[in-house]
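User: Please take a close look at the salt bridges in this model. I would like to know which residues pair up and how each partner sits with respect to the surface.

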Amino acid sequence: MRAWIAMIGLLVLGGCVSEAPIEQPSMYLNMADGAKLDSQAAASMISLYRKNNGLGAVAIDPELMKIAEGQSQAMASRNKLDHDVKAPLPKRLQAAGYKATIAVENVSAGYHTLAEAFSGWRDSPPHRANMLQMGVTKMGIAASYAPNTKYKVFWTLILASTEPREQIGTPLTGLTE
């Protein structure tokens, strides 16, 4: 009798438990499905990658975010993967009044998630070099979705510093697709 009561109690308790939906990490959200890019997750990913390679973290910079967004939108609207689709990075920075002492840019297209874009950049030597650029402290990132284009999602990552630094490399270098 006790066993039956215990089993009934377990069944009743089991009916009270509901499965909570498992939320997908923002780095795996599909930009082609209307997801919004989580810039803080991107900054965390890139900062951790830099830290694991003996470099300092980067922080989101609102001005670099705007410049990256403009570049991604320009590529998407023209269906063209190109650093210079709007203007070369130094000219875009100057036009925005952004006084970078060093700046590098990665652009890419066709990756639908932040995780895919990051992995693509990490696995490409020139993109990797940009993410591991010494002296950068700020970043801007954007993804623009254009459904009627070849690539669908266009990405821009800009890493920069406005601080005067010695031996950090040649200013405004490292543009990589």
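Analyst: D82 is buried, at a relative accessible area of 17%, which falls under the 20% cut-off. This is a predicted model. The partner of D82 is K80, and the closest N and O atoms of this salt bridge lie 3.7 Å apart. K80 itself is partly exposed, with 43% relative accessibility. The pair therefore joins a buried acid to a partly exposed base.

The count of salt bridges comes to four, and the one between K80 and D82 is among them. Another links E63 and K66, with 3.3 Å between the closest N and O atoms. Both residues belong to helix α3 (residues 62-78), where they are three residues apart and so separated by about one helical turn. E63 is partly exposed, its relative accessible area being 31%, whereas K66 is exposed at 56%.

R122 and D123 also meet through their side chains in a salt bridge, at 3.1 Å from N to O. Here D123 is exposed, with a relative accessible area of 57%, and R122 is partly exposed at 32%.

As for confidence, the chain has a mean pLDDT of 84, and 74% of its residues reach 70 or more. Among the elements, strand β1 (residues 59-60) has the highest mean pLDDT, 98, and strand β5 (residues 175-176) the lowest, 47. Over residues 167-177 pLDDT stays under 50, although the model has 34 contacts beyond four places in sequence for this stretch. Where pLDDT is low, predicted coordinates should not be read in detail.

Note on methods. Residues are numbered from 1 along each chain as its sequence is written. This is a predicted model: local features need pLDDT of at least 70, side-chain atom pairs count only at pLDDT 80 or more; totals for chains, interfaces and linings use all residues. Side-chain values use heavy atoms; hydrogens and water are left out. pLDDT is the predictor's confidence in each residue, from 0 to 100. Helices (H or I, at least four residues) and strands (E, at least two) are DSSP runs, numbered from the N terminus. Contact means heavy atoms within 4.5 Å. Buried means under 20% relative accessible area, exposed over 50%, partly exposed in between (1.4 Å probe, protein chains only).
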